[in-house]
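This report walks through one structure for a reader who has not met it before. It begins with the chain as a whole and then turns to its cores and to a few single residues.

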Amino acid sequence: MEISVLELGPFKARFIIRGASVALVNALRRIMISEVPCMAIDEVAIIENSSVLYDEILAHRLAMIPLTTPEDKYVPPSQCSCGGRGCSNCQARLYLDVRWDGEGERTVYSGDLKPEDPEVAPVYDNIPIVKLAQGQSLVLEAYATLGVGKEHAKWQPTAACAYKYMPVIAVDVDKCTGCGECAGSCPRQLLELSEGSVKVKRVEDCSLCMECEKACEPGALKVGWDESSFVFLVETTGTMKASTLVAKAARVLRSKAEEFVQKLGVEGAGWS
Ligand SMILES: [Zn+2]
């Protein structure tokens, strides 16, 4: 298997995986979405709420705010020595205390949440929670825990996570007349004329729309894909770096494979 990185930002990664199967790449995708733990608010103690929103709706809105997840600092409550009751190893607290006595209304934002642990804080401080009118107040304590996306979408570290087959555009130079019709038809401008024939650039950006193939009168263009190569895109909600997410997903997959082999061994399948 060969991996080449096309783009790597803090929260976004795009790379090509060559020499892999759909099963493996799809397993990685599914693990990134639903089995890599991240922090999210799981419990809220409402102390004062005179806003227009019910406590339950507020709690739901708070849960959906992406929080930063420190690496290897917290354990999931189900695996904690406290037995899931909640302690500093499995829970991070955040406080919110906004009383509005000014003119007009005041929007309470995610930035108003004050984290006890600065490593578990809202990723963005401009997510609106509720609007308070004059005289209204909102005071609460929120508890964030580790969880996984298959339990609830609030624990999903990915905003976008998808792959596609690596496109392959083959040009038959003997048939190509250099008319340039294909270059003009490509909505992503991936084809260009050079030295009398067509050249393909950034083939990984091809959406397989087949417009070039349709526009090519002499039939010199063939659009297809490589079934063992994939263009993978992953973008996180900001809860962790994209590179951390990919590495963690690979670790989860490895531990699943190890567990599988171990169970086969125990049941006398003769594998090790
Ligand atoms: Zn605990």
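## Surface and overall form

The model shown here is predicted. Its chain exposes about 15,000 Å², and carbon and sulfur atoms supply 51% of that area. Among the 272 residues of the chain, 38% count as buried. The side chains include 29 that are positive and 37 that are negative, and the centres of these two sets lie 3 Å apart.

The chain has a radius of gyration of 25 Å, whereas a compact globule of 272 residues would have one near 19 Å. Taken along the principal axes, the box that the C-alpha atoms fill is roughly 75 × 65 × 25 Å.

## Secondary structure and contacts

The chain holds 5 helices and 12 strands. If one considers the contacts in the chain with a separation of 6 or more, 72% of them are accounted for by residues 24 or more positions apart.

## The nonpolar cores

In soluble globular proteins, nonpolar side chains tend to be buried together. In this chain the largest nonpolar core has 22 residues, of which Met39, Ile41, Leu67, Leu96 and Ile129 touch the most other members. Two or more residues of this core are given by each of strand 3 (38–49), helix 2 (55–63), strand 4 (92–99), strand 7 (128–133) and strand 8 (137–147). The largest share, 5 residues, comes from strand 8. A second core, separate from this one, has 21 residues and includes Phe15, Ala20, Phe230 and Val252.

Methionine 39, a member of the largest core, has many partners once residues up to four places away in sequence are not counted: the residues that methionine 39 touches include Leu67, Thr68, Tyr74 and Ala92, as well as Val120, Ala144, Leu146, Trp155 and Thr239.

## Two residues in the loop between helix 2 and strand 4

Threonine 68, one of the residues that methionine 39 touches, is found in the loop between helix 2 and strand 4. Threonine 68 counts as partly exposed because its relative accessibility is 24%, a value between the limits of 20% and 50%. Although threonine 68 and proline 122 are 54 residues apart along the chain, their C-alpha atoms are separated by 6.4 Å. Leaving aside neighbours within four places in sequence, threonine 68 is in contact with Met39, Glu119, Val120, Ala121, Val123, Gly238 and Thr239.

Glutamine 91 is found in the loop between helix 2 and strand 4 as well, but glutamine 91 counts as buried because its relative accessibility is 18%, and buried means under 20%. With neighbours within four places in sequence left aside, its contacts are Tyr74, Gly86, Tyr143, Ala144 and Thr145.

## A strand residue and a loop residue

Threonine 107 is found in strand 5, which covers residues 105–109. A relative accessibility of 18% is why threonine 107 counts as buried. Not counting residues up to four places away in sequence, threonine 107 touches Asp112, Pro128, Val130 and Lys131.

Lysine 175 has its place in the loop between strand 9 (158–171) and helix 3, and with a relative accessible area of 44% lysine 175 is partly exposed. Lysine 175 and leucine 221 are 46 residues apart in sequence, and in space the two are 8.7 Å apart, C-alpha to C-alpha. Once neighbours within four places in sequence are left aside, lysine 175 is in contact with Pro218, Gly219 and Ala220.

## Residues with a positive phi

Most residues other than glycine have a negative phi. Glutamine 189 is a residue other than glycine with a positive value, its phi being near 50 degrees. Glutamine 189 lies in the loop between helix 3 (181–185) and strand 10 (191–194), and because its relative accessibility is 54%, glutamine 189 counts as exposed.

Arginine 202, also a residue other than glycine, has a positive phi near 45 degrees. Arginine 202 is found in the loop between strand 11 (197–200) and helix 4 (211–215), and at 41% relative accessibility arginine 202 counts as partly exposed.

How values were computed
Residues numbered from 1 in each chain as written. Predicted model: local features only at pLDDT ≥ 70, side-chain atom pairs only at ≥ 80, totals over all residues. Heavy atoms only, no water. Helix = DSSP H or I, 4+ residues; strand = E, 2+ residues; numbered from the N terminus. Rg over C-alpha atoms; globule rule 2.2 N^0.38 Å. Buried < 20%, exposed > 50% of the residue type's maximum accessible area, 1.4 Å probe, protein only. Contact = heavy atoms within 4.5 Å. Areas by Shrake-Rupley, 256 points an atom, 1.4 Å probe, with all protein chains shown as cover. Lys, Arg positive; Asp, Glu negative; His and termini not counted. Charge placed at Lys NZ, Arg CZ, Asp CG, Glu CD. Core = buried A, V, L, I, M, F, W, Y, C linked by side-chain atoms within 4.5 Å.
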